Amino acid sequence: MYLAEQLKKKSVAEYLLYMWQVEDTLRAYDLDVERMAREYIPQFGLDAEKSEALRGWYESLIEMMREEGVTEKGHLQVNKNIIILLNDLHVQLLKSSKHPFYSAAYYKALPFIVELRAKSVESQEKGEIENCFDALYGTMLLRAQKKEISPETATAIDNIAKFIALLSDYYQKDKAGEVEF
């Protein structure tokens with residue numbers, strides 16, 4: 001909760017990846033907030049008030065996951081909405097001639113995005129921005145498991161990460177009213 005608040009202000013991309021990780025963490029604890037309160041929350045070393053607030057946050061996320069039917073896979077609507085906003089901004093930036101660096105980053109990442117989309121029907125049903133986040137999240141999980149990442153994959157992820165970082169920066173600037181189209 002505390003990290004999520006900080007990330008949301010700093011980088012919407014990092015925030016979204018963190019929230020996907022939170023969803024998976026909740027699933028790993030079988031959506032059992034009592035178990036999380038016993039086994040997970042204490043590792044953060046928070047005082048009683050902050051621990052209880054974090055427990056409440058997890059509990060509300062679990063309730064939302066149940067209500068939205070994403071207890072086994074998928075993402076909360078609040079997180080999907082961020083993807084939608086990012087996709088809308090992406091389209092606006094590409095249509096505008098005022099952001100050539102953004103377009104260049106996108107076109108540099110595009111071959112890797114196309115390759116990702118070709119690998120599964122599920123990827124083809126999603127938009128390009130969500131595909132990028134899936135790739136970043138998947139790579140994050142592989143690194144956490146200390147699994148090897150091929151040089152080709154590393155190159156693809158590097159290009160996608162730079163593109164998504166730029167989109168994330170534009171998102172923050174757009175929210176502040178600093179982007180002209």
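This is a short talk on the fold, the nonpolar core and two sets of contacts in one protein chain.

Hi everyone, thanks for coming. Before anything else, please keep in mind that what you see is a predicted model.

Let's begin with the overall layout. The chain contains nine helices and zero strands, so if you read along from the N terminus, you meet one α element after another: α-α-α-α-α-α-α-α-α. Along its principal axes, the C-alpha trace spans about 50 × 40 × 30 Å. Of the 181 residues in the chain, 40% are buried. And if you take the contacts between residues at least 6 apart in sequence, 64% of them join residues at least 24 apart.

Now to the inside. How many residues does the largest nonpolar core have? There are 50 of them, and those with the most contacts inside this core are L26, W57, Y58, F133, F163 and I164. Quite a few helices take part: α1 (2-10), α2, α3 (33-39), α4, α5 (77-95), α6 (100-118), α8 (128-144) and α9 (151-175) each give two or more residues. The top contributor is α2, with ten residues.

That brings me to a pair of helices I'd like you to find on the screen. Helix α2 covers residues 12-28 and helix α4 covers residues 48-68; their axes come within 11 Å and cross at roughly 85 degrees. Because of that crossing angle, α2 counts as roughly perpendicular to α4. Who meets whom there? On the α2 side we have Y18, M19, V22, E23, L26 and R27, and on the α4 side W57, Y58, L61, I62 and M65. Sorted by class, this contact has nine nonpolar residues, two charged ones and no polar ones.

Do zoom in on Y58 for a moment. Leaving aside residues up to four places away in sequence, Y58 touches V22, L26, V33, M36, Y40, I41 and F44. Two of those names, V22 and L26, you just heard in the α2 list. And Y58 itself was among the residues with the most contacts inside the core.

My last stop is a serine. Where does S11 sit? You'll find S11 in the loop between α1 and α2. Is S11 buried or exposed? Its relative accessibility is 10%, and buried means under 20%, so S11 counts as buried. The S11 side chain also has a partner: it makes a polar contact with the side chain of S168, at 3.2 Å.

That's my tour, and I'm happy to take questions.

Note on methods. Residues numbered from 1 in each chain as written. Predicted model: local features only at pLDDT ≥ 70, side-chain atom pairs only at ≥ 80, totals over all residues. Heavy atoms only, no water. Axes fitted to C-alpha atoms, helices over the stretch in contact; angles between N-to-C directions. Helix = DSSP H or I, 4+ residues; strand = E, 2+ residues; numbered from the N terminus. Parallel < 35°, antiparallel > 145°, perpendicular 65-115°, else oblique. Contact = heavy atoms within 4.5 Å. Nonpolar A, V, L, I, M, F, W, Y, C, P; charged D, E, K, R; others polar. Core = buried A, V, L, I, M, F, W, Y, C linked by side-chain atoms within 4.5 Å. Buried < 20%, exposed > 50% of the residue type's maximum accessible area, 1.4 Å probe, protein only. Polar contact = N/O pair within 3.5 Å; in protein donor to acceptor, adjacent residues only side chain to side chain.
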